[in-house]
Amino acid sequence: MSILDAPLHVLPQLSADDADSLSVWPRSTRPSPAGDLTVGGVPLAEAADRFGTPVYVLDEQEIRDRCRTYRTAFPDADVVYAAKAFLCRAMAHWVREEGLGLDVCSAGELALAVSTGFPPERIVLHGNAKSPDDLRTALRLGVGRIVVDSTSEIARLAAITPADSRQKVMVRVVPGVAAGAHVKVRTGTDDQKFGLSITDGSAQHAVTRILDQSHLELVGLHCHIGSQIATTKPYVAAVRRMVGLLARIRDQHGVTLPQLDLGGGHAIAYRPGEERLDISVLAGRVRAELEDGCARTGLPVPRLTLEPGRAIVGPAGVAVYRVLAVKRTGDRTFVAVDGGMSDNPRPALYGVRYAPRLIGRPATAPPRLVTVVGRHCEAGDILADEVALPGDVRPGDLLAVPAAGAYHLSMASGYNLVGRPPVVAVADGIARVLVRRESLDDMNRRDIGL
């Protein structure tokens with residue numbers, strides 16, 4: 001029997017050194033004497049041989065455990081998984097089974113989720129520029145809430161809502177809180193494309209417009225202040241400003257809104273030693289600020305919604321590549337792999353740094369600093385800059401990259417017509433394909449120019 005078909009036994013304890021080096025890997029990760037790693041009881045090298053490379057490996061139990069962590073920390077809130085981080089039918093099924101809702105940004109994400117039997121009333125749709133098809137699909141399928149992101153969207157949505165119904169909506173508010181690990185993921189201030197500002201009054205104007213629409217039901221306010229936020233302070237500030245706006249809406253319109261959505265953006269660690277957001281601490285601080293703020297303003301405490309994405313799926317994923325070439329140029333060593341920016345554009349977009357690891361054989365040489373690059377025709381196609389790998393790394397070796405579950409496949413492209421990698425789930429020693437590899441035939445069928 002292959003170990004891929006064998007049951008997962010009780011996991012052995014890790015040594016202190018292994019626990020530190022594997023701190024950003026799925027919690028089921030264990031080293032083997034042969035230099036390999038197992039995740040969910042499945043050896044990564046054997047998975048690479050079976051499914052080819054590059055390949056994304058997802059630890060199903062890690063995802064489920066992280067869903068449960070949120071449900072435990074926020075028992076009285078709606079936790080909705082942000083599908084933009086990663087979505088496939090199995091992921092939607094796991095999230096539903098664990099009691100979470102779903103946050104989608106397009107008709108495509110929405111339709112895929114509903115095709116799995118996901119209850120549309122537990123789905124939130126948002127986006128800064130929803131297309132008419134996005135809105136029509138949301139109405140047709142009965143999505144639970146639509147987050148309004150611009151005043152022009154109000155009239156458009158009201159015009160297509162059936163006369164005998166009322167669509168529940170929220171207003172995405174820019175609370176004026178700067179947070180996030182990179183300028184391109186800070187969405188809580190007025191200098192970016194998302195939401196409606198408190199400062200210039202556009203959020204309040206949108207509220208007035210929605211309350212005048214008989215087919216729209218304003219149920220609350222929404223904000224999302226950024227991504228990779230590792231401290232609770234920005235969330236506490238956002239709660240304070242959002243409660244202030246809820247109080248002003250009550251005073252101006254006599255309407256008490258029952259819901260408050262604080263978005264997501266909770267940081268994970270990509271390399272050992274990096275900060276991550278403590279969800280239990282976040283829950284305590286947010287709850288305390290919300291209760292205190294509502295007590296000060298005489299408001300009932302609204303029902304909270306959170307939208308974690310990366311924090312649920314990111315640490316559950318591992319990307320596995322095969323080394324194609326090793327090149328020494330001057331004082332630098334480049335290790336080129338069979339993937340790159342088409343399956344992970346995040347280093348090029350945000351300067352994200354990863355910690356790849358040699359797997360499949362023992363390391364036999366002292367480590368040296370190398371730059372792991374992709375196979376694509378871009379100088380910026382760099383997966384990991386100046387990282388330590390064994391000095392004898394060579395073509396044919398396997399490299400595994402942890403914390404690869406979020407914003408990899410969902411942002412993958414067709415650059416150089418390489419084809420997007422498959423997604424393989426592992427659990428209890430069993431590996432199965434969730435999303436198959438994109439083939440050359442798949443790409444050729446889309447090209448109908450001759």
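Select strand S18, residues 382–390, and find glutamate 386 within this strand; strands here are DSSP runs of type E with at least two residues, while helices are runs of H or I with at least four, both numbered from the N terminus. Although glutamate 386 is not a glycine, its phi is positive, at about 55 degrees. Its relative accessible area of 36% makes glutamate 386 partly exposed, a class that lies between buried (under 20%) and exposed (over 50%), computed with a 1.4 Å probe on protein chains only.

The model is predicted, and local features were accepted only at pLDDT of at least 70 and side-chain atom pairs only at pLDDT 80 or more, whereas totals for chains, interfaces and linings use all residues. Residue numbers start from 1 along each chain as its sequence is written, and side-chain values use heavy atoms, with hydrogens and water left out.

Go next to leucine 417, which sits in the loop between strand S19 (398–401) and strand S20 (423–427). Leucine 417 is not a glycine either, yet has a positive phi of about 50 degrees, and with 55% relative accessibility it counts as exposed.

Now select helix H4, residues 89–97, where the buried residues are Ala90, Met91, Ala92, Trp94 and Val95. If you then show the elements that cover these buried residues, you will find among them helix H3 (60–73), strand S5 (78–82), strand S6 (101–104), helix H11 (310–313), S20 and strand S21 (430–435); contact in this tour means heavy atoms within 4.5 Å. Just after H4, look at glycine 99, whose phi is positive at about 85 degrees.

Move to the loop between helix H2 (44–51) and strand S4 (55–59), which holds proline 54. The peptide bond that joins threonine 53 to proline 54 is cis, with omega about -10 degrees.

A small selection comes next: the open sheet of three strands in the order S1-S2-S3, with antiparallel pairing, where two strands count as paired if DSSP finds at least two bridges between them. Strand S1 (30–31) and strand S3 (42–43) stand at the edges with a single partner strand each, so one side of each has no neighbour in the sheet. S1 and strand S2 (residues 37–39) run antiparallel and are joined by two bridges, and arginine 30 has threonine 38 as its bridge partner in S2.

For the helix packing, select helix H8 (residues 202–211) together with helix H9 (residues 233–253), whose axes are 11 Å apart and meet at an angle of about 45 degrees. Axes are lines fitted to C-alpha atoms, for helices over the stretch in contact, and angles run from 0 to 180 degrees between N-to-C directions. H8 is thus oblique to H9, since angles under 35 degrees count as roughly parallel, over 145 as roughly antiparallel, 65 to 115 as roughly perpendicular and the rest as oblique. Show Ala203, Gln204, Val207, Thr208 and Leu211 of H8 with Leu245, Arg248, Ile249, Gln252 and His253 of H9 to see the residues that make the contact.

Finally, keep H8 and add helix H7 (residues 151–160): their axes come within 9 Å and cross at roughly 10 degrees, and the two helices are therefore roughly parallel to each other. On H7 the contact uses Thr151, Ile154 and Ala155, and on H8 it uses His205, Ala206, Arg209 and Ile210.
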